[in-house]
Amino acid sequence: MVRGKIEIKKIENVTSRQVTFSKRRSGLFKKAHELSVLCDAQVAAIVFSQSGRLHEYSSSEMEKIIERYGKFSNAFYVAERPQVERYLQELKMEMNRMVKKIDLLEVHHRKLMGQGLDSCSVAELQEIDTQIEKSLRIVRSRKADLYADQLKKLKEKERELLNERKRLREEQIREMLTRPVVQPTLQICDKGKTEGGCRTKHASEVETDLFIGLPVTRL
């Protein structure tokens, strides 16, 4: 059966906490012993229970291991301390330079915005004026480019609309030319005959006489 994972937090039940402490301590010391035997390493483990009781394990004499640890840690910290202090000093110097640079940039920005000009000399004011004019030229050039791009897009859109209009007109004319022509018909009735005596003729079959002059009055 697979053991489920438990949440790593303080065990509130005192009895369960004591049992878990005993089991985990024994397992820790067992792993430390295996590490020392398998890897020929000097291992020491010190555990204080909640009640303050000391539990320890060492692959050799505990005092010698602690003494060796003390010598090593002291030598390490003594050797590393100058490097750490020098690094911290460099960080402080770099931070001071950045703070001064930020202050100068803020002052220059306020001057460009027209603030704090009372302490400026004529040369400084001339330099500010030159920078502002240069910035204006750049802004105007960029604005002109944007306007040109918009105008180009509008012209392309206009050309597309004109082409579409031309295409639709050509399609309309082509449709009109290909449509069949229907000739109108006329009904001609002879005098004295009934309505059934009427006959149908196409407009092209009707004979017409051209007469010039006054109309003849029939009695």
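**Figure 1. A hairpin of strand 1 and strand 2, with G52 in its turn.** Five residues lie between strand 1 and strand 2 in this hairpin, and G52 takes a positive phi near 95° there. What you see is a predicted model. Strand 1 and strand 2 pair in the antiparallel sense, over five bridges. Two facing positions help you find your way across the pair: A45 stands opposite Y57 of strand 2, and I46 stands opposite E56 of strand 2. S49 also belongs to this view, as its place is in the loop between strand 1 and strand 2.

**Figure 2. Side chains that alternate along strand 1 and strand 2.** Begin with strand 1, which covers residues 44–48. Its side chains alternate: A45 and V47 point to one face and are buried, whereas A44, I46 and F48 point to the other face and are not buried. Now move across to strand 2, where the side chains alternate as well. Here H55 and Y57 point to one face and are buried, while L54, E56 and S58 point to the other and are not. The facing positions can be read together with this pattern: A45, which is buried, stands opposite Y57, and Y57 is buried too. I46, which is not buried, stands opposite E56, and E56 is not buried either.

**Figure 3. H55 and the residues around it.** H55 sits in strand 2, which runs over residues 54–58. Is H55 buried or exposed? With a relative accessibility of 14%, H55 counts as buried, because the cut-off for buried is under 20%. The side chain of H55 is joined to that of R25 by a polar contact of 3.2 Å. Neighbours within four places in sequence aside, H55 is in contact with F21, R25, F29, A45, I46, V47 and S49. Look for S49 in particular: residues up to four places away in sequence are not counted, and S49 then touches F21 and H55. S49 is itself buried, with a relative accessible area of 13%.

**Figure 4. The largest pocket and its lining.** This pocket has a volume of about 430 Å³. It is lined by 17 residues, and those closest to its centre are I11, R17, Q18, T20 and F21. Which helix gives the largest share of the lining? Helix 1, residues 14–39, does so with seven residues. F21 may look familiar from the previous view, as it is one of the residues in contact with H55.

**Figure 5. D40, a residue with a positive phi.** D40 is found in the loop between helix 1 and strand 1. Its phi is positive, about 55°, although D40 is not a glycine. Most residues other than glycine have a negative phi. D40 counts as exposed, because its relative accessibility is 72% and the cut-off for exposed is over 50%.

**Figure 6. The chain as a whole and a helical stretch at residues 144–174.** The protein chain has three helices and four strands, and along the sequence they follow the pattern α-β-β-α-α-β-β. Of its 219 residues, 8% count as buried. Among contacts with a separation of 6 or more, 13% join residues 24 or more positions apart. The unreviewed UniProt entry places the feature "coiled-coil region" at residues 144–174. In the model, residues 144–174 are 100% helix and 0% strand, and the C-alpha atoms at the ends of this stretch are 45 Å apart.

Key:
Residues are numbered from 1 along each chain as its sequence is written. This is a predicted model: local features need pLDDT of at least 70, side-chain atom pairs count only at pLDDT 80 or more; totals for chains, interfaces and linings use all residues. Side-chain values use heavy atoms; hydrogens and water are left out. UniProt positions are given in the numbering used here, feature names are shortened, and annotations may be inferred rather than shown by experiment. Buried means under 20% relative accessible area, exposed over 50%, partly exposed in between (1.4 Å probe, protein chains only). A polar contact is a pair of N or O atoms within 3.5 Å; within protein, one must be able to donate a hydrogen and the other to accept it, and residues adjacent in sequence count only if both atoms are side-chain atoms. Contact means heavy atoms within 4.5 Å. Two strands pair if DSSP finds at least two bridges between them. On a 1 Å grid over the protein atoms alone, a cavity is a set of points where a 1.4 Å probe fits but cannot get out, and a pocket is an open set with protein on both sides within 12 Å along at least five of seven lines; lining residues have an atom within 4 Å of a point. Grid points are joined across faces, edges and corners, and a volume is the space filled by probe spheres set on the points.
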